[in-house]
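This report goes through one protein chain, from a feature of its surface to its overall make-up. The sequence and the structure come first.

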Amino acid sequence: MDEAMDGREGEECVAAGFAAGDERCMEAVYRRWRPLVHGLAQRYLGDEREAEDVTQQVFLAAWHGRRRYRPGPGGLGAWITGITRHKVADALEARTRRARAAAAAVRGAPGAAEGPAGPALHEPEQVLDRVLVLGELARLPSEQRRVLHLAFYADLTQTQIADRTGLPLGTVKSHMRRALHRLRGSLPAAARATR
């Protein structure tokens, strides 16, 4: 297969096999264009991990979209480079969205007016965690959200929450248990979706 990649005719043969779904041709395509794709992603993103992710996304997208490939002036390499540009743009857009969300979380955080001297709240991972938690809290039923807010933000005990809200202590405990159980199930999924 490598020998077939040497000449123009061999490259066209591999491209045709790739478009037809030949896995050996996909391997040859990956070996041939991976360095180019990874190099472009690394140059534009400046982050090795993101470049590796984009490289995988490019070849996955190419494989899934192989039936749409039409030979053109630049051949398969130009088509894969085009996919790379789109995936890099998507990664940069996602990075911008994460930065905006992190900035919004910092602005809305208690003590945010203290500036950068505040505790480690300004660490990117902690800010993203806060955004995730706030998003999942917003999805809880209002009574469960209120009980958690009073427990964790107002630092009240369950008995104090019952006194303040007028809810029976058993109801407060049930709301707390259900809310924490729901968060425990939803937060790992939310974290995976953003990483």
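## Nonpolar surface patch

In this predicted model, Leu134, Phe152 and Tyr153 make a nonpolar surface patch of about 310 Å². Leucine 134 belongs to helix H5, which covers residues 124–139. Its relative accessible area is 35%, so leucine 134 is classed as partly exposed. Patch membership requires over 30% relative accessible area, and leucine 134, at 35%, meets that cut-off.

## Loop between H6 and H7

Which residue has a positive phi although it is not a glycine? The residue is aspartate 155, with a phi of about 60 degrees. Aspartate 155 sits in the loop that runs between helix H6 (142–152) and helix H7 (158–165). Its relative accessibility is 66%, and because exposed means over 50%, aspartate 155 counts as exposed.

## Packing of H2 and H3

Two packed helices are described by the distance between their axes and by the angle between those axes. For helix H2 (residues 23–45) and helix H3 (residues 48–64), the axes come within 8 Å and cross at roughly 140 degrees. The crossing of H2 past H3 is right-handed. On the H2 side, the residues that make the contact include Met26, Val29, Tyr30, Trp33, Arg34 and Val37. On the H3 side, they include Glu50, Ala51, Glu52, Val54, Val58, Phe59 and Trp63.

Arg34 and Glu52, both part of this contact, also form a salt bridge, in which the closest N and O atoms are 2.8 Å apart. This pair links distant parts of the chain, with glutamate 52 in helix H3 and arginine 34 in helix H2, 18 residues apart. Glutamate 52 is partly exposed, with a relative accessible area of 22%. Arginine 34 is also at 22% relative accessibility and counts as partly exposed.

## Other salt bridges

How many salt bridges does the structure hold? There are 4, and the pair of glutamate 52 and arginine 34 is one of them.

Another joins the side chains of glutamate 50 and arginine 95, at 2.3 Å from N to O. Glutamate 50 lies in helix H3 and arginine 95 in helix H4 (residues 75–108), so this salt bridge ties together parts of the chain that are 45 residues apart in sequence. Is glutamate 50 buried or exposed? Glutamate 50 is buried, because its relative accessible area of 15% falls under the 20% limit. Its partner, arginine 95, is partly exposed at 30%. Glu50 is also among the H3 residues in the contact with H2.

Aspartate 22 and arginine 24 form a further salt bridge, with 3.5 Å between the closest N and O atoms. Arginine 24 has a relative accessibility of 54% and counts as exposed. Aspartate 22, at 25%, counts as partly exposed.

## Start of helix H8

Threonine 171 is found in helix H8, which covers residues 169–194. Threonine 171 is partly exposed, with a relative accessible area of 27%. Its C-alpha atom is separated by 9.8 Å from that of glutamate 143. These two residues are 28 residues apart along the chain.

## Overall make-up

The secondary structure comes to 8 helices and 0 strands. Read from the N terminus, the order of elements is α-α-α-α-α-α-α-α. The protein has 195 residues, and 35% of them count as buried.

Among contacts between residues at least 6 apart in sequence, 53% join residues at least 24 apart. The salt bridge between glutamate 50 and arginine 95 spans 45 residues in sequence, whereas the one between glutamate 52 and arginine 34 spans 18. The protein exposes about 12,200 Å², and carbon and sulfur atoms supply 54% of that area.

Terms used:
Residues numbered from 1 in each chain as written. Predicted model: local features only at pLDDT ≥ 70, side-chain atom pairs only at ≥ 80, totals over all residues. Heavy atoms only, no water. Patch = residues over 30% accessible without salt bridge, like charges linked within 9 Å, V, L, I, M, F, W, Y side chains within 5 Å. Areas by Shrake-Rupley, 256 points an atom, 1.4 Å probe, with all protein chains shown as cover. Helix = DSSP H or I, 4+ residues; strand = E, 2+ residues; numbered from the N terminus. Buried < 20%, exposed > 50% of the residue type's maximum accessible area, 1.4 Å probe, protein only. Axes fitted to C-alpha atoms, helices over the stretch in contact; angles between N-to-C directions. Left-handed = near helix turned anticlockwise from the far one by under 90°. Contact = heavy atoms within 4.5 Å.
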